[in-house]
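User: I would like to learn how to read the empty spaces and the ligand site in a protein model. Could you take me through them one at a time?

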Amino acid sequence: MVKQIFSIDDARKMARGKLPRLAFDYIDGAAGNEDLNHLNASAIDQIRLQPRVLVKVEDRVLKKNLLDREWGLPFGIAPMGLAGLAWPEADRMLAQAARKYDIPVGVSTMGSCSMEEMKRYAGGNGWFQLYVGPDEEMTMALVDRAEKCGYETMLLTADVPEVAKRNREQRNGFEAPFRIGVKQFVDFATHPHWSLSTLVRGKPQLVNVRARDSASGFRRSDSRAWVDWTFLDKLRSRWKGNLVVKGITSVQDALSVQQAGADGIYVSNHGGRQLNSAPATIEVLPGIRQAVGEDYPILFDSGIRNGEAVVKVLAKGADYAMLGRPFLYGIGARREAGLERIVEILLQEIRSTLAQIGRVSMEEIDTGVLAGTD
Ligand SMILES: Cc1cc2nc3c(=O)[nH]c(=O)nc-3n(C[C@H](O)[C@H](O)[C@H](O)COP(=O)(O)O)c2cc1C
């Protein structure tokens, strides 16, 4: 059993011991046989950085510009639905950490804390993540709510026309909102700390879309297959804030998003949770960067598991890195302290990486830091 957290993998192992299987597998799992989830990380691992010597690197700055604003660190928290399964009030912890470190946090449509409350916790660090509902009217009701809350940036997640088949979820009888049968009862009974905390606070709910008969109510399993490029045009005319389209892995799609007037693209394969046979995001990133030009904002996620990986994805063309599971592993392992530990590990690893490659700021990271380019 892991007692201390020195890496994201340590936090993952600790969380696995502390959470009921249903909760851990929801966070950790991916689509199909989960090949892509592993490939995302191993493809980043394969990239080599070039050490440089005798460079003065005493003062290193981790700040990063994106979408007309400077952020405290070059990485942020990806939107995650039902984060409350990692621990009650995980959403609040994520929002407060985002504010503390001045990084963005995605506020999921499928969040276990309302978008109104999340805005209060996260302030200007919260980005609303929009899932399209079963029809346009319900979806636009969510957009109106986000505007009323005062969100300045919206992420439209486009890679979930339907929620993909996730074998671990099916095996565990995971349904959102989940039902408690005999199997789940045994799972919860053997993890009393989590279960009692969850019992006290109430099981996590999809609070933003809870009331099915309300203007913006729907279920996680509802199909969003009706949506097409004309919806993006409508959303662009309706939403005046920053609009970023998440879930892009194709050059063609990246160009179409850019032409539709979005303010940026978010290269992601949903952490391998949608199409298991999709390419690793790091493999498609350089081609997308080349197609959209050097000034168009690109966010990136899927498979980042350490600070060197953050530097590598920026070197391959991203402007900003996002991570999902690692933050929930931290919360599952040690609540707020575990979450902050993950942020601290990443920032220390990035700082150390900069020293090794002879760079003093994130703005200096380009393809020149990759091995074999000098
Ligand atoms: C538990 C969990 C829930 C997620 N829920 C959402 C969501 O509600 N909306 C969304 O756009 N992406 C969601 N994602 C995908 C993440 O935003 C992100 O793309 C992915 O986790 C990145 O991969 P990584 O976990 O390897 O860092 C979820 C991911 C996880 C692990």
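Analyst: What follows goes through the cavities, the ligand and the pockets of this predicted model.

User: How does one find empty space in a structure, and how many cavities of 30 Å³ or more does this one hold?

Analyst: The general idea is that rolling a probe the size of a water molecule over the atoms shows where empty space is left. In this structure there are two cavities of 30 Å³ or more. The largest cavity contains about 470 Å³ of space, and the second largest cavity has a volume of about 70 Å³.

User: Which residues line the largest cavity, and which elements give two or more of them?

Analyst: Its lining has 31 residues, and Pro79, Met80, Gly81, His270 and Arg273 lie nearest the centre. Helix 2 (21-28), strand 10 (320-323) and helix 14 (325-357) each give two or more residues to this lining. Sorted by class, the lining has 13 nonpolar, ten polar and eight charged residues.

User: What takes up the space of the largest cavity?

Analyst: The cavities are computed over the protein atoms alone. The space of the largest cavity is the space taken by the ligand.

User: Which residues come nearest to the ligand?

Analyst: There are 22 residues around the ligand, and the nearest are Pro79, Ser108, Thr157, Asp301 and Arg305. By class, this shell is made of seven nonpolar, ten polar and five charged residues.

User: How do I read the polar contacts, and what distances separate the ligand from proline 79, lysine 246 and glycine 324?

Analyst: Look for pairs of N or O atoms within 3.5 Å. At proline 79, a backbone N or O atom is 2.7 Å from an oxygen atom of the ligand. At lysine 246, the side chain is involved: one of its N or O atoms lies 3.0 Å from a nitrogen atom of the ligand. At glycine 324, a polar backbone atom is 2.9 Å from an oxygen atom of the ligand. As for cover, the ligand taken alone exposes 600 Å², and the protein buries 98% of that.

User: What lines the second largest cavity?

Analyst: Its lining residues are Ile77, Ala78, Met80, Asp91, Leu94, Val105, Gly106, Val107, Ser108, Gly111, Cys113 and Met118. Helix 4 (90-101) and strand 4 (105-108) are the elements that give two or more residues. Strand 4 has the largest share of this lining, with four residues. The classes here are eight nonpolar, three polar and one charged.

User: How is a pocket told from a cavity, and what is the volume of the largest pocket?

Analyst: A probe in a cavity cannot get out, whereas a pocket is open. The largest pocket here has a volume of about 480 Å³. It is lined by 28 residues, with Ala158, Asp159, Gly247, Ile248 and Asp253 closest to its centre. Two or more lining residues come from each of strand 6 (153-157), helix 10 (229-238), strand 7 (242-248) and helix 11 (251-259). By class, the lining of the largest pocket has 17 nonpolar, seven polar and four charged residues.

User: And the second largest pocket: what is its volume, and which element gives the most to its lining?

Analyst: The second largest pocket has a volume of about 400 Å³. Of its 17 lining residues, Arg289, Leu314, Gly317, Ile365 and Asp366 are the closest to its centre. Helix 12 (281-292) and helix 13 (307-315) each supply at least two lining residues. Helix 12 gives the most, with three residues. The lining of the second largest pocket divides into seven nonpolar, three polar and seven charged residues.

Notes. Residues numbered from 1 in each chain as written. Predicted model: local features only at pLDDT ≥ 70, side-chain atom pairs only at ≥ 80, totals over all residues. Heavy atoms only, no water. Near = heavy atom within 4 Å. Polar contact = N/O pair within 3.5 Å; in protein donor to acceptor, adjacent residues only side chain to side chain. Areas by Shrake-Rupley, 256 points an atom, 1.4 Å probe, with all protein chains shown as cover. 1 Å grid on protein atoms, 1.4 Å probe; cavity = no way out; pocket = protein on both sides within 12 Å on 5 of 7 lines; lining within 4 Å. Sits in = over half its atoms within 2 Å of the grid points. Nonpolar A, V, L, I, M, F, W, Y, C, P; charged D, E, K, R; others polar. Points joined across faces, edges and corners; volume = space filled by probe spheres on them.
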